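Let's take a walk through this structure together, starting with the overall picture and then stopping at a few individual residues. Have the 3D view open as you read.

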Amino acid sequence: MRKVKIIATIGPSSGKYDVLTRLIQEGVNGFRINFSHGDPREWDEWVKMVREIAEEYEQEISIMGDLPGPQVRIGELPVHGIKAKQTVKLIYKDKVDEENTIPIPNKKVFEILELGDIILIDDGKIILRIIDISGNEAEAIVLNDAVLHPHKTLVVFGKEIDLPVLSEKDIDLVNYSVSRKLTYLAISFVRRASDIVIVRDIVSRMNGEIGLIAKIETRSAVRNLKDIMNVSDAIIIARGDLGMHYSLEELPALQRKIAREAIMVGKPSIVATQLLESMVNYPRPSRSEVVDVVNAVYDLVDALLLTDETAIGKYPVESVKWLKRIISSAESSIVKRRIEDTREKLELRALREKYALGLTLLAEKINAKTLIYTKTSTIPPAISRFRPQIPVYVGTSDKLIAEKLTIYYGLKPYYLKQLRNKDVDYEQGVKTLYEYLKNKEEIAYGEIIAEAYGRRETQIHEIKIRQVI
């Protein structure tokens, strides 16, 4: 059973019933909707299709909304080419008609600009260096040939512009996500723990249960990493925007550091951006992309997120097939010592964590498939934190819990709808999961099973070993 999960972004290339069906058949565990593109009517159709297909194939599939966040974008201008070594003017305006002038409708940009600053536009496709500043205007030299398009993102390399974590549009999108009962909501450009707390307060006032994912993509987020993780339900290592704030050669070590810290804190980590970027246009990944994905698996991240590959790429299904293939190969070659080293560094703070470690080690030692029934989702994440190397099946009568567990390393969740709205005993829950898995032929005659559950109310945690008959 594949341990690292796959999340695919829905877009024009994949937002069709037959394509979504094939993606789910190929093993996609969750879908992302990028709220920077499209509209509620389109998003509603995608959500409806995913849920229909997931139910048809009896799969638990999470749906993540991704907020645009506090980005700075250039204003309206005519599309035109610019050349290296020429100069352009930056001006505090919403719109310009002349070429070689870039309108920036945010005054705060000019408040932080200094001589020598590097400006990155359109995710770094355009690079400028500031050579003169005067109030709300600046002059820059162009460092590469490019084409200017309106409304593209603008970043001052290594600097952060003090913007509120949520715009009015973002607040509307939080409301949309809660009302559509999405599984997760990704918060962009998080800088401190209070940013997540603000969103959680809004969700709470809406009586929402949506999980909150912090996107780590700024220097402030890296500095405040542990505090942010403590108040988040998961994190995304957003390498694209991190590359706008850190030198590119720093990113591999930074990814490893963030992934390791997420395991220490016990929160799922998702790696995003340019995993198989060449597959936007070609049916095979490059060799360097394969190595990149393998290294992410070796970093023991929980999930990998495809963006343009499945949103606008020519080969969305092939991208998922290749990602699955690479993950499976990497998992089969992980050195056992890497897992052991990670476990040795984990602090066992509570009884459930000691129980989770003991269960994992026992199941691995006797090569037992693990069956867990959960009502509150406390034990399964604790097991995932130890990066189990045997199959772990989780049953629950709560559909949202099942969906949330789809992004966790090594867990395969099942929504046992026959138990919904019932006060089910844990033993009955495990028994129901056992029979369900037998019917699906996930467990077979003669296999060893470790059945487990923790009774939160009594603090008694049980493990039963049986053989499938």
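**A guided tour**

Let's begin at Val 147: leaving out residues up to four places away in sequence, Val 147 touches Val 79, His 80, Gly 81 and Ile 126. You'll find Val 147 in strand β10, which covers residues 146-148. Keep in mind that what you're looking at is a predicted model. Val 147 counts as partly exposed because its relative accessibility is 43%, and partly exposed means falling between the 20% and 50% cut-offs. Lys 125 is 22 residues away from Val 147 along the chain, and the C-alpha atoms of the two are separated by 8.8 Å.

Now zoom out to the whole chain. It contains 17 helices and 21 strands. Its radius of gyration is 24 Å, close to the 23 Å that the globule rule gives for 469 residues, so the chain is as compact as a globular protein of that length. Along the principal axes, the C-alpha trace spans about 75 × 45 × 45 Å. Of the 469 residues, 54% are buried. If you take the contacts with a separation of 6 or more, 69% of them are between residues 24 or more positions apart.

What about the surface and the charges? The chain exposes about 20800 Å², and carbon and sulfur atoms supply 48% of that. There are 69 positive and 68 negative side chains, with the centres of the two sets 4 Å apart.

UniProt can help you find your way around. An unreviewed entry there gives residues 1-320 as "domain: Pyruvate kinase barrel". That stretch is 34% helix and 23% strand, and its end C-alpha atoms are 16 Å apart. Further along, UniProt (again an unreviewed entry) lists residues 362-449 as "domain: Pyruvate kinase C-terminal". Here the span is 35% helix and 19% strand, with end C-alpha atoms lying 11 Å apart.

Next, look for Phe 35, in the loop between β2 (30-34) and α2 (40-56). Is Phe 35 buried or exposed? It counts as buried, because its relative accessibility is 1% and the cut-off for buried is under 20%. Setting aside neighbours within four places in sequence, Phe 35 is in contact with a string of residues, including Trp 43, Leu 67, Pro 68, Leu 173, Tyr 176 and Leu 185. Gly 69 sits 34 residues from Phe 35 in sequence, and the C-alpha to C-alpha distance between them is 9.7 Å.

His 245 is another loop residue to visit, placed between α8 (239-242) and α9 (251-265). With a relative accessible area of 6%, His 245 is buried too. Beyond its neighbours within four places in sequence, His 245 contacts Val 155, Phe 157, Gly 158, Lys 159, Glu 160, Glu 217, Thr 218 and Arg 219.

Finish with two residues picked out for their backbone angles. Asn 100 isn't a glycine, yet it has a positive phi of about 65°. It belongs to the loop between β5 (87-91) and β6 (101-103), and at 30% relative accessibility Asn 100 counts as partly exposed. Lys 181 isn't a glycine either, and its phi is positive at about 55°. Look for Lys 181 in the loop between α4 (168-179) and β12 (184-187). Lys 181 counts as exposed because its relative accessibility is 63%, and exposed means over 50%.

Technical notes:
Residues are numbered from 1 along each chain as its sequence is written. This is a predicted model: local features need pLDDT of at least 70, side-chain atom pairs count only at pLDDT 80 or more; totals for chains, interfaces and linings use all residues. Side-chain values use heavy atoms; hydrogens and water are left out. Helices (H or I, at least four residues) and strands (E, at least two) are DSSP runs, numbered from the N terminus. The radius of gyration is taken over C-alpha atoms; the globule rule is 2.2 Å times the number of residues to the power 0.38. Buried means under 20% relative accessible area, exposed over 50%, partly exposed in between (1.4 Å probe, protein chains only). Contact means heavy atoms within 4.5 Å. Accessible areas come from the Shrake-Rupley method with a 1.4 Å probe; for residues, only the protein chains shown count as cover. Lys and Arg count as positive and Asp and Glu as negative; His and the chain ends are not counted. The place of a charge is taken as NZ of Lys, CZ of Arg, CG of Asp or CD of Glu. UniProt positions are given in the numbering used here, feature names are shortened, and annotations may be inferred rather than shown by experiment.
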